[in-house]
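Walk through this structure from the whole chain down to its ligand site. Keep the 3D view open as you read.

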Amino acid sequence: MDDTASLETLRADVRAWLAANAPHGWREAEQTHAEFAASQKAWFLKLVEGGFAIPHWPAEWPGGGRSLAEQKVIYEELARADTPRLLLSFVSTYHAASTFFECATPEQKAHYLPRILQGEIWCQGFSEPNAGSDLAALKTRAVREVRDGREVYVVSGQKIWSTMAQYADQCLLLVRTSSEGAKQAGITFLLMDMKSKGVDVRPINQIQGDQEYCEMFLDEVEVPVENRVGEEGKGWAVAQATLSSERGLTLMELAYRMRGAGGRIAELIRKAGKENDPGTLAEFGAIMTRVESACAIADRFIENRLKGEERVGDASIVKLTYSRVLQDFALLGLRLGGLDEQVRAPIVFGDLNTGNWMADYMNSYAWTIAGGSDEVQRNIIAERMLEMGREPKNWVL
Ligand SMILES: Cc1cc2nc3c(=O)[nH]c(=O)nc-3n(C[C@H](O)[C@H](O)[C@H](O)COP(=O)(O)OP(=O)(O)OC[C@H]3O[C@@H](n4cnc5c(N)ncnc54)[C@H](O)[C@@H]3O)c2cc1C
């Protein structure tokens, strides 16, 4: 029952648990990427223990089976307490888990899901240098062979932008098993052990000093046939289950975290002595109104989705709203912080609303691309939702 009283009891429980368990001073303590990864792993395991790591999983899992209203309370409280966002495990608990729940065999679920709760890290190996927005153009080849008496896919190719692949134990991998017919028809979905021979992971340096994502070179990597999810050549449909997790709860959580970070802008305004400056207050009010809209749009999207009422383009509206507000939010912080903020050391690992405004602003651009670029979202809204007709092919600016 989601009555107000039981939600408030849950809120009090989460708050009390966070008061006793939330890490303090974690940003300052994360001076290297290795420290960042260690602190992320510890916080994830702590959340599992507390029962707040996987509220979106089914009820048979410890801490699972929470209603949407309960999940919102948990996310709100995690944001309010300024806890670390689970960058290292979000592919595991969202992308991998939703793939398993929707498409995997009972054996695969029994094998992989408990390991996620023990801290096993997953990455997503979908994008390639020439296959991002047009993901179905991917070229990484997988050929089925018998090697050492075992049936395997032998995989060769290159992946890119795989978030946290340098720490991953396993990979959700899209490969091409056939070049016949439509591009989507020859794609197969595999689960690849990152310790397999032939996997070479190279972190990419980012503008703000982080190495959030990696290139992955695959040279004759052997993936057992039983590690395939769904049928051979039917991986495109499985990939939709993986990607759909990104379009819902992840964005709701991110929008809530941006709302939680509003206090940091208020702090900057006070520091600058502009509490009574009408222009500054108008700007602050305008941005926080947009932040609230982003939260409300994400909320409504998930509610509609759970009721089976999601329309084509709804997910694009959520994504586009969030990415545009995030950028303006970080820019306002950067401007209000003045020169001090602009010359601060920019390295901040894997977060978006840190209060290190230069890093946050640079990092905000990543969200105009990740999970489908803003231009692609606009195309989906215009062409498929508003039925405005397709843009002409091969037109030149
Ligand atoms: C922070 C971050 C994390 C990521 N994590 C992962 C991950 O873990 N695993 C993974 O597989 N991938 C990941 N990605 C990759 C991401 O999915 C791709 O970057 C994204 O799909 C865009 O593809 P692309 O980079 O190849 O750009 P392209 O598709 O080459 O696009 C280049 C430019 O052209 C525009 N464009 C492309 N097509 C059209 C069109 N039809 N109409 C108008 N404009 C168009 C785009 O908007 C963009 O501005 C991540 C990306 C980011 C930024």
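**From fold to ligand**

Start with the contacts. In this predicted model, take the contacts in the chain between residues at least 6 apart in sequence: 70% of them join residues at least 24 apart. The secondary structure comes to 13 helices and 8 strands. The radius of gyration of the chain is 22 Å, and the globule rule gives 21 Å for 397 residues, so the chain is as compact as a globular protein of that length. The C-alpha trace spans about 75 × 55 × 45 Å along its principal axes. As for burial, 41% of the 397 residues count as buried.

Next, the domains. The chain divides into domain 1 (4-86), domain 2 (121-233) and domain 3 (247-385). Take the centres of domain 2 and domain 3 over C-alpha atoms: 31 Å separate them. Their contact takes 6 residues from domain 2 and 10 residues from domain 3. On the domain 2 side, the residues that touch domain 3 are 1 nonpolar, 3 polar and 2 charged.

Now the ligand. Where does it lie with respect to domain 2 and domain 3? Both domains give residues to the shell around the ligand, so the ligand lies between them. There are 19 residues around the ligand, and F126, G132, S133, S373 and E375 come nearest. Strand 1 (122-125), strand 3 (150-163) and helix 13 (374-385) are the elements that give two or more residues to this shell. By class, the shell holds 8 nonpolar, 10 polar and 1 charged residues.

Note on methods. Residues are numbered from 1 along each chain as its sequence is written. This is a predicted model: local features need pLDDT of at least 70, side-chain atom pairs count only at pLDDT 80 or more; totals for chains, interfaces and linings use all residues. A residue is near a molecule or strand if its C-beta atom, placed from the backbone, lies within 6 Å of it. Helices (H or I, at least four residues) and strands (E, at least two) are DSSP runs, numbered from the N terminus. Ala, Val, Leu, Ile, Met, Phe, Trp, Tyr, Cys and Pro count as nonpolar, Asp, Glu, Lys and Arg as charged, and the others, Gly among them, as polar. Domain bounds come from an automatic or database domain assignment. The radius of gyration is taken over C-alpha atoms; the globule rule is 2.2 Å times the number of residues to the power 0.38. A residue is buried if 20 or more other C-beta atoms lie within 10 Å of its own, exposed if 12 or fewer, and partly exposed in between; C-beta atoms are placed from the backbone. Two residues are in contact if their C-beta atoms, placed from the backbone, lie within 7 Å.
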